[in-house]
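Trainee: Hey, could you walk me through this one? I'm new to it.
Mentor: Sure, let's pull it up.

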Amino acid sequence: QVQLVESGGGLVQAGGSLRLSCTASRSLFRIDVMGWYRQAPGKQRELVASITSGGTTNYADSVKGRFTISGDNAKKSVLLQMNSLKSEDTAVYYCNALGKRFGAESRDYWGQGTQVTVSS
């Protein structure tokens, strides 16, 4: 069974910082991309940032210059450093991994979600 364990959400004032962490279980033996998505109430889930196993990053326009994603292939983990947070960043953040278990096809895996609330 594949698990993505997230930590680091919480409540912060506008302009503050938070760091989200996600680690995939060892049963996910190959990971091609890891990233973070978010979903605010009444809105669709959207990509925040992603990083490939080769280190290529991708960011939503709304977070460029404020958020930084980094990954550790050996630890099967990804970090999202969020600075200069705004009220519109308030959402449930989900860790995502595109990868495969041994003998299975590549597919998306999701964490349980962590709440980020930015007060203005």
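Mentor: One term up front: a polar contact is a pair of N or O atoms within 3.5 Å; within protein, one must be able to donate a hydrogen and the other to accept it, and residues adjacent in sequence count only if both atoms are side-chain atoms. Also, this is a predicted model, where local features need pLDDT of at least 70, side-chain atom pairs count only at pLDDT 80 or more, and totals for chains, interfaces and linings use all residues. Residues are numbered from 1 along each chain as its sequence is written, and side-chain values use heavy atoms, with hydrogens and water left out.

Trainee: OK, what does the side chain of Arg66 reach?
Mentor: The backbone oxygen of Ser84, at 3.0 Å.

Trainee: And where does Arg66 lie?
Mentor: In the loop between β6 (57-59) and β7 (67-72). Those strands are DSSP runs of E, at least two residues, numbered from the N terminus.

Trainee: Is Arg66 buried or exposed?
Mentor: Arg66 counts as buried because its relative accessibility is 11%. Buried means under 20% relative accessible area, exposed over 50%, and partly exposed in between, with a 1.4 Å probe and protein chains only.

Trainee: Which residues is Arg66 in contact with?
Mentor: Leaving aside neighbours within four places in sequence, they include Ser84, Lys86 and Asp89. Contact means heavy atoms within 4.5 Å.

Trainee: Tell me about Asp89, then. Where is its place?
Mentor: Asp89 sits in the loop between β8 and β9 (91-100). Asp89 is buried, with a relative accessible area of 0%. A polar atom of the Asp89 side chain lies 2.8 Å from the backbone nitrogen of Lys86.

Trainee: What else is Asp89 in contact with, leaving aside neighbours within four places in sequence?
Mentor: Arg38, Arg66, Phe67, Ser84, Val116 and Val118.

Trainee: Switching topic: in what order do the four strands of the open sheet come?
Mentor: β1-β3-β8-β7, with antiparallel pairing. β1 (4-7) and β7 stand at the edges with a single partner strand each, so one side of each has no neighbour in the sheet.

Trainee: How many bridges do β7 and β8 pair over?
Mentor: Six, in the antiparallel sense, with β8 covering residues 77-82. Two strands pair if DSSP finds at least two bridges between them.

Trainee: Which residue in β8 is the bridge partner of Phe67?
Mentor: Met82. So that we end on the general idea: strands of a sheet pair through backbone hydrogen bonds, either parallel or antiparallel.
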